[in-house]
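Subject: Structure handover

Hi,

Here is the structure I promised to pass on. Please open it alongside this email and follow the residue numbers as you read.

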Amino acid sequence: MTAMFGEPIARLEDDRLLRGNGAYLDDLGHDALAAAFVRSPHAHARVLGVDVADALDVDGLVAIYTYEDLPGRIAEPLPLLIPHPALTHGRTGYPLASDEVNYVGEPVVMVIARDRYLAEDAAERIMVDYEPLPAVVGVDAALAAEHLVHPDVPGNVAGHLVQSNGDAAAAIAAAPRTLELHLYIERSASTPLEGRGVLARWDTESRRLRIWTSTQTSTGVRAAVAAKLELDLADVDVITPDVGGGFGVKIVHPWPEEVLVPWAARLLRQPVKFTEDRIEHFVASAHERGQRHQVRVGFDDDGRLLGLDVRFWHDNGAYIPYGLIVPIITSTQLLGPYKPGAYRVEFSSLYTNTVIVTPYRGAGRPQGVFVMERTMDAIAAALGLDRTVVRERNFIQPDEMPYDQGLIFQDGRPLIYDSGDYPAVLARLKALAGWDGFEAERAAAAEQGRRLGIGLACYVEGTGVGPYEGAHVVVETSGKVKVATGLTTQGQGHQTVFAQIVADELGVPIGDIEVVTGDTRAFGYAVGTFASRAAVMSGSAVALAARAARAKAIRVAAAALEASPDDLEITGGIVQIKGDPESGIAIGTVAVLSNPLRYAFDEAAQAATQFAGGDIGKPPVADGDEPGIEGREYFSPLRSTFASGMHAVVVETDPLTAEIRIVRYCVVHDCGRLINPRIVEGQIHGGVAQGVGGALYERMAYDETGQLQNASFMDFLMPYVSEVPAGIEIDHLETPSPLNPLGIKGAGEAGVIPGAAVFAAAIEDAEGIAITSMPISPSDLFELRLSRRGDRAV
């Protein structure tokens, strides 16, 4: 049987999805009542009163709820999901605003009606009396603290953290050369094709709650809703249907709607559904990226880092349910593949009257990579060195692995790189991008009046964060294999890669394997899909569970064949004596034999009944054993694995219009052993597309009153297929991780992480203008050109 691990097979789930047979949240619950929300039009205001009188006449109205209607734990603030000692002033919102709103879009009233149209009609008639308060918008306003988002949070500071390794101040002071940079990344958002949504049904007879939700953590939603509704976990089922993209925004849980809709369904004893519309997603879900950095670096005449001191400010929006994870990742992943000498990083996470900030694909890494790679380019420019030379001189070397950066990562564990070969990655990237021959290419283009620039950016990505994931592998008597794991799927190809792992580990055809994810009925304990962890965590658990099932199958078959287990193998779903196919029995038959029966339901089952033979001197099920061929295992790593990669891009900037065109884009990536190269490359392509958007188009534009100015796809620019490089050139390096049984690392976020950094470098190279803020539009570049000339006349 051909090995499946490492094969670029087509995704097994695509046939169903491409034929329109997917089932997304809004495809479900056509008999359900619909929920709609009255949301705050103000960024900051007191709620003085709610008048629902005019809404009561709407035909089909079922219920209206305000904060005063919420009982018990439902009326308490939503959970602070990830506490941290440095998060000294963590604040979360209420499911419905109580006496104050803190961002445009915050839910104030929930309306339930026969359908969504009627619910919206009723919502429009509800009058909320607000007393506007001064809004705090952006890092500068939050730092100035002339006004406070939360009156009990001094200086608008949610949290403050310092980490260091060595004496950075002394190292910089003693360095032959120093530089200082001020860098900025603006707000953006993930904008998946499908927004958030939740459907809930309460079974009055069994007193069980069933929830369908478009989430990245079905088990997390289950635990949160059970706690809020004061139900036992066993009485709550959460199923994640097909999900039209997550990218981080759906890892937050529970959203207000994920608490309120199940509560209303139980109260009304009818199914209730909420589906977020696009404007709601812009103003009422989550954003990311907004940070301001100040960098001081000391280095020698060869460009080697001696000391690095970074101070930055992170805009976390009105609340901070996901804790300090994003800025912690920025502060630690900023170091990339380099030895920084002495390092000190300090950040403050600040409240503003804007939508909350939670991880978005890359989760703090794009900001950190932008800062570090801009610093490396500045050092190269100051010394007149090739940008690749400065990087080579600062790389951690392969023989220095594992390498301890002396910091604590987002998982609370040491920041220790497990494996990698950064010089080899750079060598491959230079060859792929034509780095050494680029000056000739630039000169030839210049003769045609074209302006080209090239940039590169390096990154290291912590992947596979704990604490654990699990898997259950069951061999059916039909020979089919059922695989269940608790994390959710949003298009990553989990059904394919997990089936590939089981096919090899268990020795069965991949077509006989069925994979279920994100259904607490099938697997109740899990963490979720985020931080490029699915393959590392669930993939490892699936492998371990398949190995356990295989060992059981071999043992049962050995007894039936009167052979030594060491002499058996499983291939093509047949357990046989090695080298003797005629001796084999189907693995489905082995599953029958593993379950001693009193009753035979078919011909195959007769072999497992009490008069079919066997050792009557032993119990049918031995002590410590159990019926069936299955394995249930959990994988919990010591710490994260660290993938890495480098991107290069050649851009052309129009001398007149300042438009930016991508000429060539190259990626070299190392995520350890590749389960499915085709899927990894698909992940990279998608990530690069988001990186292009984040670098050149996407920004959330708030005015000074906290109103989002571009809350639609008419105004929030995203790259079309015409703006994304069509022929991304990709090469892979595989340095296995020693931290898991498969030697793999994560790949889900790799494509997006260096986007801002690599485009800034290429545009700066083309224009000769320092690029210190991203994203950059043609009008931004045009203004920079005017500023350089000292002539602002148009």
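Below is what was found, going from domains to single residues.

Please keep in mind that this is a predicted model.

**Domains**

The protein divides into three parts, two of them built from separate stretches of the chain. Domain 1 covers 15-133 and 190-284. Domain 2 covers 369-464 and 639-789. Domain 3 is a single stretch, 467-635. The C-alpha centres of domain 1 and domain 3 are 39 Å apart. These two domains are in contact, with 16 residues from domain 1 and 16 residues from domain 3 taking part.

**Cores**

The largest nonpolar core holds 112 residues. Leu 308, Tyr 417, Tyr 665, Phe 759 and Met 774 touch the most other members. Helix H9, residues 365-383, is the top contributor, with eight residues. In soluble globular proteins, nonpolar side chains tend to be buried together.

Take Leu 308 as a way in. Leaving out residues up to four places away in sequence, Leu 308 touches Ala 168, Ile 172, Val 295, Arg 296, Val 297, Leu 334, Leu 335, Pro 340, Ala 342, Tyr 343, Arg 344 and Met 372. Apart from the largest core lies another core, of 47 residues. Val 481, Leu 487, Val 508 and Val 575 are among its members.

**Ala 761**

Is Ala 761 buried or exposed? Ala 761 has a relative accessible area of 2%, so it counts as buried; the cut-off for buried is under 20%. Ala 761 is part of helix H17, residues 755-767. Not counting residues up to four places away in sequence, its contacts are Arg 374, Asp 377, Arg 387, Ile 454, Gly 455 and Leu 456. Asp 15 is 746 residues from Ala 761 in sequence, and their C-alpha atoms are 40 Å apart in space.

**Cavities**

Rolling a probe the size of a water molecule over the atoms shows where empty space is left. Here there are six cavities of 30 Å³ or more.

- The largest has a volume of about 180 Å³. Its lining has 18 residues, and Leu 78, Gly 93, Pro 256, Pro 321 and Ile 356 lie nearest the centre. By class, 14 of the lining residues are nonpolar, three are polar and one is charged.
- The second largest has a volume of about 140 Å³. It is lined by 16 residues, of which Arg 289, Pro 366, Gly 694, Ala 695 and Ala 756 are the closest to its centre. Helix H16 (677-696) and H17 each give two or more residues to this lining. H16 gives the most, with four residues. This lining has eight nonpolar, five polar and three charged residues.

**Helix H5**

Helix H5 spans residues 218-228 and is mostly covered. Nine of its eleven residues are buried. They are Ser 218, Thr 219, Gly 220, Val 221, Arg 222, Ala 224, Val 225, Ala 226 and Lys 228. What do these buried residues pack against? Their partners are strand E10 (208-213), strand E11 (236-239) and helix H6 (256-268). After H5 comes Glu 230, with a positive phi near 55°.

**Backbone exceptions**

Most residues other than glycine have a negative phi, and most peptide bonds are trans. The following sites are worth a look on screen.

- The His 253 to Pro 254 peptide bond is cis, with omega near -10°. Pro 254 sits in the loop between E11 and H6.
- Gly 466 and Pro 467 are also joined by a cis peptide bond, with omega about 5°. Pro 467 is in the loop between strand E18 (452-463) and strand E19 (469-475).
- Arg 207 is not a glycine, yet its phi is positive, near 55°. Arg 207 lies in the loop between strand E9 (197-203) and E10.
- Ser 532 has a positive phi too, about 50°. Its loop runs between strand E21 (513-517) and helix H14 (534-561). Ser 532 counts as buried because its relative accessibility is 10%, and the cut-off is under 20%.

Best wishes

Definitions and conventions
Residues are numbered from 1 along each chain as its sequence is written. This is a predicted model: local features need pLDDT of at least 70, side-chain atom pairs count only at pLDDT 80 or more; totals for chains, interfaces and linings use all residues. Side-chain values use heavy atoms; hydrogens and water are left out. A nonpolar core is a set of buried Ala, Val, Leu, Ile, Met, Phe, Trp, Tyr and Cys residues joined through side-chain atoms within 4.5 Å. Buried means under 20% relative accessible area, exposed over 50%, partly exposed in between (1.4 Å probe, protein chains only). Contact means heavy atoms within 4.5 Å. On a 1 Å grid over the protein atoms alone, a cavity is a set of points where a 1.4 Å probe fits but cannot get out, and a pocket is an open set with protein on both sides within 12 Å along at least five of seven lines; lining residues have an atom within 4 Å of a point. Grid points are joined across faces, edges and corners, and a volume is the space filled by probe spheres set on the points. Ala, Val, Leu, Ile, Met, Phe, Trp, Tyr, Cys and Pro count as nonpolar, Asp, Glu, Lys and Arg as charged, and the others, Gly among them, as polar. Domain bounds come from an automatic or database domain assignment.
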